[in-house]
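Let's walk through this model together, one question at a time. Have a look at the chain first.

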Amino acid sequence: MTGIWPLVHMPSFIWVTGPKDDLWLVRTVSILITVIGLVLLSAGIKKRVTTEIKWLGIGGAAGLGFVDVYYSLNDVIRNVYLLDAVGELLLILLWLWAGQRGPVTSTSKQHVQPE
């Protein structure tokens, strides 16, 4: 959801997150985050969650979370981004939990031996 926010209403995004010098960069990151989120959501809904999809979820959340924490603690971005980092940590934990269950695919079939 936070990925699409700057595309829908940039003024409120800037009001909460602080002034930005390069709005083109904000829009670029926003589009990438939105596309990745939609792919992950689609894979989950269709039950086509492969190992690669899980690592995309974990890696994307870890990268965004690291940026949120590092730059917030170094006073480059506002501390409101630490809330986003909490969300990213939750996503990582959920992907790791899902990873313990193994890949889920819509084409997986259970083979039952006839009696």
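Q: At roughly what angle do the axes of helix α3 (residues 23-45) and α4 cross?
A: This is a predicted model, where local features need pLDDT of at least 70, side-chain atom pairs count only at pLDDT 80 or more, and totals for chains, interfaces and linings use all residues. Residues are numbered from 1 along each chain as its sequence is written, and side-chain values use heavy atoms, with hydrogens and water left out. Axes are lines fitted to C-alpha atoms, for helices over the stretch in contact, with angles from 0 to 180 degrees between N-to-C directions. The two axes come within 10 Å, and they cross at roughly 145°.

Q: Which residues of α4 make the contact with α3?
A: Contact means heavy atoms within 4.5 Å. On the α3 side, it is made by Ile33, Ile36, Val39, Leu40 and Ala43. Their partners on α4 are Ile53, Leu56, Gly57 and Leu64.

Q: Which side chain of opposite charge is nearest to Lys54?
A: Lys54 lies in helix α4 (residues 51-73). Lys54 is buried (under 20% relative accessible area, 1.4 Å probe, protein chains only). Lys54 has no salt bridge, meaning a side-chain nitrogen of Lys or Arg within 4 Å of a carboxyl oxygen of Asp or Glu. The nearest side chain of opposite charge is 9.7 Å away and belongs to Glu52.

Q: Which residue's backbone oxygen does the side chain of Lys54 reach?
A: Lys54 has no salt bridge, but its side chain does reach a backbone oxygen. The distance is 3.1 Å, and the oxygen belongs to Ala98.

Note on methods
Helices (H or I, at least four residues) and strands (E, at least two) are DSSP runs, numbered from the N terminus. Buried means under 20% relative accessible area, exposed over 50%, partly exposed in between (1.4 Å probe, protein chains only). Lys and Arg count as positive and Asp and Glu as negative; His and the chain ends are not counted. A polar contact is a pair of N or O atoms within 3.5 Å; within protein, one must be able to donate a hydrogen and the other to accept it, and residues adjacent in sequence count only if both atoms are side-chain atoms.
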